[in-house]
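This report describes one protein chain, from its overall build down to single residues. The sequence and the structure are shown first.

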Amino acid sequence: AAQNVTLAALADAAGIVTVDAAALTGTNALTLDASGTNSALDITSGAGADSIVLGTGGSTVVTNAGTDTVTVGNVADDISTGADADTVKVTNALLTDTLVVAGGTETDTLEVTDAATVVDADFTGVTGVEVLKLADAAQNVTLAALADAAGIVTVDAAALTGTNALTLDASGTSNVLDITSGTGADSIVLGTGGSTVVTNDGTDT
């Protein structure tokens, strides 16, 4: 059956460290808000389109099938997504070289949800993730060999409005990139892979 679970301080005090929703089949989904927890959780979901928000404890997540969304809560989180196109949401502060994200078999997305300075080292623990999606804020991104190894082939900054600009240095990449920017005055430096760029509005370089 569909499961909607909220865990916080009382669940921590109760000793809850595992959430096992692997039995969920078909469209039955897990909606888990663990943002109020401090425990390191071990979470397994099923086949539905799950939504999981993590707390600060540093958790391990395996999502299995379904178009899943996982929101990072700690730089030590370890997230593995299964089949279907999944999204891992993360703030600039939590996107570091200690975060582990392993994408599954479809096109998976790492979505930065605030203004960010993303460096190549942030992709140290990332594999099997094809899309870097950026929120509507000023974004400064450097991609090189580690982003290539992570699987990044798309930079989606189409959400940027007004004067929010994308500053992208992809000169160290060899992947073929598909880049879309927003309405700001963007600055984009390409790598050697042969890329496609759509800049939209703004005085772009």
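## Burial and surface

Of the 205 residues in the chain, 42% are buried. The model is a predicted one. The chain exposes about 8,400 Å² of surface, and carbon and sulfur atoms supply 54% of that area.

## Overall build

The chain contains 2 helices and 20 strands. Its radius of gyration is 18 Å, close to the 17 Å that the globule rule gives for 205 residues, so the chain is as compact as a globular protein of that length. Taken along the principal axes, the box filled by the C-alpha atoms is roughly 55 × 30 × 25 Å.

Contacts between residues at least 6 apart in sequence can be divided by how far apart their partners lie. In this chain, 27% of them join residues at least 24 apart.

## The parallel sheet

An open sheet is built from 6 strands, and their pairing is parallel. The order across the sheet is E2-E4-E6-E8-E10-E13. Strand E2 (18–20) and strand E13 (126–127) are the edge strands, each pairing on one side only.

E6 and E8 stand next to each other in that order. Strand E6 covers residues 60–62 and strand E8 covers residues 78–80, and the two pair in the parallel sense over 3 bridges. Within this pair, valine 62 stands opposite serine 80 in E8.

## Two residues with positive phi

Most residues other than glycine have a negative phi. Which residues here have a positive value without being glycine? Asparagine 64 is one of them, with phi near 60 degrees. Aspartate 84 is another non-glycine residue with a positive phi, in this case about 80 degrees.

Both residues are found in loops: asparagine 64 lies between E6 and strand E7 (69–71), and aspartate 84 lies between E8 and strand E9 (87–90). The loops that hold them thus adjoin E6 and E8, the two strands that pair over 3 bridges.

Are these two loop residues buried or exposed? Neither word fits, because buried means under 20% relative accessible area and exposed means over 50%. Asparagine 64 has a relative accessible area of 33%, so it counts as partly exposed. Aspartate 84, at 31% relative accessibility, is likewise partly exposed.

How values were computed. Residues are numbered from 1 along each chain as its sequence is written. This is a predicted model: local features need pLDDT of at least 70, side-chain atom pairs count only at pLDDT 80 or more; totals for chains, interfaces and linings use all residues. Side-chain values use heavy atoms; hydrogens and water are left out. Helices (H or I, at least four residues) and strands (E, at least two) are DSSP runs, numbered from the N terminus. The radius of gyration is taken over C-alpha atoms; the globule rule is 2.2 Å times the number of residues to the power 0.38. Buried means under 20% relative accessible area, exposed over 50%, partly exposed in between (1.4 Å probe, protein chains only). Contact means heavy atoms within 4.5 Å. Accessible areas come from the Shrake-Rupley method with a 1.4 Å probe; for residues, only the protein chains shown count as cover. Two strands pair if DSSP finds at least two bridges between them.
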